[in-house]
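Grab a pencil and work through these exercises with the model beside you. Try each task before you read its solution.

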Amino acid sequence: MAELDANLDHIIPSSVLPPFWAKLVVGFVSLVCFARSYDGDFVFDDSEAIINNKVAGVVGRADLLGALFFLLSFLGYCKAFRESNKEGTHSTFWVLLSILLGAVAMLCKEQGITVLGLNAVFDILVIGKLNVLEMVQKALHKDKSFENIAVLRNGGFLFRMALLASGGAGVLYVRWKIMGTGPPAFTEVDNPASFADSVLVRAINYNYYYALNAWLLLCPWWLCFDWSMGCIPLIKSAGDWRVTAPAALWLCLIGLICQALCSEDSHRRRILTLGLGFLIIPFLPASNLFFRVGFVVAERVLYLPSAGYCMLLTFGFGALSKHTKKKKLIAAVVLGILFINMLRCMIRSGEWRNEEQLFRSALSVCPLNAKVHYNVGKNLADKGNQTAAIRYYREAVRLNPKYVHAMNNLGNILKERNELQEAEELLSLAVQIQPDFAAAWMNLGIVQNSLKRFEAAERSYRTAIKHRRKYPDCYYNLGRLYADLNRHVDALNAWRNATVLKPEHSLAWNNMIILLDNTGNLAQAEAVGREALELIPNDHSLMFSLANVLGKSQKYKESEALFLKAIKAHPNAASYHGNLAVLYHRWGHLDLAKKHYEISLQLDPTASGTKENYGLLRRKLEQMQKKDV
């Protein structure tokens, strides 16, 4: 067993440092690399994966978890041979555990299933020491000794291959039963090469993508959160200089493969084969060879292949140091590469601190990417800089004239700036391009309502609800339309639908209370207000609306308590103080009424109704003083 351990350590060399110090150094370097982003915001996909995700936020760590279980599965497969007392035999328990860990890796990330293929390659070429070149030569020369290759006649090897094959098939079957056979629906902007009519164009561009991925491993300087939407224009002719990149990639790969197959040094063959296995096999699901993927380049899929890259780089520098006397120079180059990559990692982690830095960092990398301009515009709009946001949204639409989300957001801003005609044109175009775009239909309805085109607005709202049944905001806006048309029952029904779908929809509750109050249905308004406050007990606007109803019903004490609670939550609301003053005025607490009228007018000196009521109160107080005199 000790001899087998030594052999495996020779195949996969352990670190130069003692294990404890090696772990300490790696852990420290990792902390330094990512230290700038530990207190950063949740950005980009984090909003959906973590903030708005109710089942588990751990989905945001899919790549890390997939890589963890991938490596555990591989190490478990290695352990199967370490646990055996005889060379060539194995521990079935560790083989089965490796398959189980591979299944867990796949559940974290589909890419994880490829570990079973890597384990098979490791078993054949490393444990079995199969010389592929020798086997091919014997097959071509019809050498009878081909049938006597030891690894192929080893019962333990065949049993392990059967376990890996059946385990992989079982995992894929379970995945198929859960998720079905149909691939996700991708669009041309996600992966334009896969939609090209010419097989040759597809092949050239796929190979260019491979070259670009390889370059990102070698020189991870140009990084982008999203590589879709025109970020990488298609290669459509042989005259495009970029065709040299796939040629260079395959030249390097063929050279490495030849060394892995033809080298007389069996140790070199096994190291190169294992490194290439780690580099290539985990990347296969992202290669477009087996099915269309929804991206052009995705830096996350390079996380596992980077292990193979590191193995090849380390082996290369090790081999170089053996053939040169300038070992210090080699060491300096290695340390320099490590330092530069650490520096790049620190810079990149700083760019992920917040969305503004992340999105702007992509502008220099992918200036032709409409999604980059869209996200910069959205970030600016969220911060209230509408003028700059409009500029980026317009650029996004220029780069991708079918970018309906950019049209929708631009239309929203134009609507808020009262540029209603252009807003209607953009939103109409968005729903024409994507007829099931519910949000655009709703926003189109809002614009049409503002233009007094009520029938068209109602049709738009109804279309939005048809495409998204559970759409509380659309029901809320539909209710506002009906209120404007004095269709009070329809308005109340629409707002009730909004609160059923979203019980915390404060605006819908408020509008119901106010409409019932304005139409004299005080008892019903009070019931709705109490129901709303039970669901949203800390909403000061609901307290205010219910307090108004209670005041009109002469329930002064309860109304006062709600007004004061609303003011405590939002002390600078002039209307809250003004309406409390009206309550005190009716109630006969004139000094308190005077105090809150004055506070209200300090907060909003232009409030004409408060001015008028305050004037009435002062005249009344003056008359009372005259009577007292």
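Below are four exercises, each with a worked solution. This is a predicted model, where local features need pLDDT of at least 70, side-chain atom pairs count only at pLDDT 80 or more, and totals for chains, interfaces and linings use all residues. Residues are numbered from 1 along each chain as its sequence is written, and side-chain values use heavy atoms, with hydrogens and water left out.

**Exercise 1. Find which residues touch the most other members of the largest nonpolar core.**

Step 1: Get the terms straight. A nonpolar core is a set of buried Ala, Val, Leu, Ile, Met, Phe, Trp, Tyr and Cys residues joined through side-chain atoms within 4.5 Å. Buried means under 20% relative accessible area, exposed over 50%, and partly exposed in between (1.4 Å probe, protein chains only).

Step 2: Look inside the largest core, which has 128 residues; Trp227, Ile232, Tyr461 and Trp495 touch the most other members.

Step 3: Set that core aside, and another one of 28 residues turns up, with Phe74, Ala103, Met106 and Val115 among them.

**Exercise 2. Find the disulfide and work out what it ties together.**

Step 1: Search for cysteine sulfur atoms within 2.5 Å of each other, the cut-off for a disulfide. The whole structure gives 1.

Step 2: Name the pair: Cys231 and Cys366, with sulfur atoms 1.6 Å apart.

Step 3: Place both ends, using helices taken as DSSP runs (H or I, at least four residues; strands are E, at least two), numbered from the N terminus. Cys231 sits in the loop between α10 (199-218) and α11 (244-262), and Cys366 in the loop between α15 (355-365) and α16 (370-382), so the bond ties together parts 135 residues apart in sequence.

Step 4: Check exposure. Cys231 is buried at 12%, and Cys366 is buried at 0%.

Step 5: Try a cysteine that misses out. The sulfur of Cys219 is 14 Å from the closest cysteine sulfur, in Cys345, which is too far for a bond.

**Exercise 3. Decide how the buried residues of helix α29 are arranged around its axis.**

Step 1: Check the length. The expected span is 1.5 Å times one less than the number of residues. For the 14 residues of α29 (590-603) that comes to 20 Å, and the end C-alpha atoms are 20 Å apart, which agrees.

Step 2: List the buried residues: Leu590, Ala593, His596, Tyr597, Ser600 and Leu601.

Step 3: Look down the axis and take the directions from the helix axis to the C-beta atoms, which define the arc. The buried residues of α29 fall within an arc of 140°, so they line one face of the helix.

Step 4: Turn to the other side, where Asp591 and Gln602 are exposed.

**Exercise 4. Trace the salt bridge of Glu558 and the network around it.**

Step 1: Look for a side-chain nitrogen of Lys or Arg within 4 Å of a carboxyl oxygen of Asp or Glu, which makes a salt bridge. There are 22 in the whole structure.

Step 2: Find the partner of Glu558: Arg530, with the closest N and O atoms 2.7 Å apart.

Step 3: Locate the two. Glu558 is in α27 (556-569) and Arg530 in α25 (522-535), so the pair ties together parts 28 residues apart in sequence.

Step 4: Compare exposure: Glu558 is partly exposed at 33%, and Arg530 is partly exposed at 31%.

Step 5: Widen the view. Glu526, Arg530, Lys555 and Glu558 are linked in a network of salt bridges.
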